[in-house]
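Trainee: Could you go through this one with me? I have some short questions, and I may jump around.

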Amino acid sequence: LKTLICFVESCVLAEWSKQQGIEHIHVHFGTNPATIALFARSLGGPSYSFTVHGPEEFDKPEMLGLSEKIKQASFVVAISSFGKSQLYRWADFADWEKIKVVHCGLAKDFLQAESTDVPDVPRFVCVGRLSEQKGQMVLLQAAARLASSGIKFELVLVGEGPLRGDIERFVAEQGLGDYVRLTGSLSGEQVREQILNARAFVLPSFAEGLPVVIMEAFALRRPVISTYVAGIPELVENAVNGWLVPAGSIDELARAMCEALRTSPTALAGIGKKGRERVLAHHSVADEAQKLSALFSWCMQSV
């Protein structure tokens, strides 16, 4: 049924493109959007390209027909070197040259954010959908380790999702009510405030593309604790701008959190500054948009 719906939508897209003289379409995600673009091209519509964010495309590439989508596309964009490597897995070697990297970028309000002191409070913040792949249950288990050791801290979980009930039950069962706070969904400005009010940002993900929220935390000069997953190590450098731990390791995550609590606000500010430097160098929205624009120009010249 979903495929039939995509086909109908592709018919409409092909007709609209013809009426408006559109010669090329770029879509985001290698899932349904790329399916529609592929069908439209097969119907005589415009050429297409697409950006793969992950991790969904890498979880079921055969079901999504990722190989055929790459073959028929003018070019394909990955948002990290890791993403590029995963696309290589499902592309013919002859198509490798059409796979490019264009990072996600941050807008000016983050890139131009004024410096604020790291608060001298033992507070962590985790921003993300409350779901299995974000690793919040491992984070809570690490938090329980800290609490049982008599360490004072606060953990703020920002977001909503299917795991909220499990999280609330775990917090109650482990007596973490004085340590853990769930905010639910917040506006962009409120998320920014939560990050600024924490001494470190934590995201213990099991699967990712390259989380923009880590870039945001770095832009605000906050160190990050995350995992050796997907493109995250391309952004977070262990012992330089934050801490990287093995995904799923409660012990290592608890250790990193303890280290962040022991580190002075002044030292944390220095760590966060290095994270900001990484973001400024590789994740400017203007620079990355220029890269994509150059790909469009190259694509149209080769038509």
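Trainee: What hand does the crossing have where H7 passes H11?
Mentor: H7 passes H11 in a right-handed crossing, a term that applies if the near helix is turned clockwise from the far one by less than a right angle, with anticlockwise giving left-handed. Please keep in mind that this is a predicted model, in which local features need pLDDT of at least 70 and side-chain atom pairs count only at pLDDT 80 or more, while totals for chains, interfaces and linings use all residues. Residues are numbered from 1 along each chain as its sequence is written, and side-chain values use heavy atoms, with hydrogens and water left out.

Trainee: And at roughly what angle do the axes of H7 and H11 cross?
Mentor: The axes of helix H7 (residues 136–148) and helix H11 (residues 250–262) cross at roughly 60° and come within 9 Å, the axes being lines fitted to C-alpha atoms over the stretch in contact, with angles from 0 to 180 degrees between N-to-C directions. H7 is therefore oblique to H11, since angles under 35 degrees count as roughly parallel, over 145 as roughly antiparallel, 65 to 115 as roughly perpendicular and the rest as oblique. Helices are DSSP runs of H or I with at least four residues, strands are runs of E with at least two, and both are numbered from the N terminus.

Trainee: Which residues of H7 and H11 make the contact?
Mentor: On the H7 side the contact is made by Val-138, Leu-139, Gln-141, Ala-142, Arg-145 and Leu-146, and on the H11 side by Ile-250, Asp-251, Leu-253, Ala-254, Met-257, Cys-258 and Leu-261, where contact means heavy atoms within 4.5 Å.

Trainee: Staying in helix H7, is Ala-143 buried or exposed?
Mentor: Ala-143, whose place is in helix H7, is buried, because its relative accessible area is 0%; buried means under 20%, exposed over 50% and partly exposed in between, with a 1.4 Å probe and protein chains only. Once neighbours within four places in sequence are left aside, Ala-143 is in contact with Phe-153, Leu-155 and Leu-176.

Trainee: Next helix pair, then: how do H10 and H12 cross?
Mentor: The axes of helix H10 (residues 212–219) and helix H12 (residues 265–282) come within 7 Å and cross at roughly 120°, which means that H10 is oblique to H12. Their crossing is left-handed, and in it Met-215, Phe-218 and Ala-219 of H10 meet Gly-272, Gly-275, Arg-276 and Val-279 of H12.

Trainee: What does Ser-284 contact?
Mentor: Ser-284 lies in the loop between H12 and helix H13 (285–301), and it counts as buried because its relative accessibility is 12%. Not counting neighbours within four places in sequence, its contacts are Gly-105, Leu-106, Leu-111 and Val-279.

Trainee: Changing topic, how many aromatic pairs are there in the whole structure?
Mentor: A search of the whole structure finds eight aromatic pairs, counted where rings of Phe, Tyr and Trp (its six-membered ring) have centres within 6.5 Å, with planes under 30 degrees apart called stacked, over 60 edge-to-face and the rest tilted. In the pair of Phe-58 and Phe-82 the ring centres are 6.2 Å apart and the planes lie at 85°, so this pair is edge-to-face.

Trainee: Where do Phe-58 and Phe-82 sit in the chain?
Mentor: They link distant parts of the chain, 24 residues apart, with Phe-58 in helix H3 (residues 56–59) and Phe-82 in helix H5 (residues 81–89). Phe-58 counts as buried at 16% relative accessibility, whereas Phe-82, at 28%, counts as partly exposed.

Trainee: And what about Phe-93 and Trp-96?
Mentor: Phe-93 and Trp-96 also form an edge-to-face aromatic pair, at 5.1 Å centre to centre and 65° between the planes. Phe-93 is exposed, with a relative accessible area of 66%, while Trp-96 counts as partly exposed at 30%.

Trainee: Which residues do ring pairs link into a cluster?
Mentor: Phe-75, Phe-296 and Trp-298 are linked into a cluster by ring pairs.

Trainee: What lies over the face of Phe-110?
Mentor: Arg-192 does, at 5.4 Å from the ring centre; the criterion is NZ of Lys or CZ of Arg within 6 Å of the ring centre and within 35 degrees of the ring normal.

Trainee: Last one: where is Val-158?
Mentor: Val-158 lies in strand E6 (residues 154–158) and is buried, with a relative accessible area of 3%. Beyond four places in sequence, the residues Val-158 touches include Val-125, Cys-126, Val-127 and Gly-128, and also Thr-183, Gly-184 and Leu-186.
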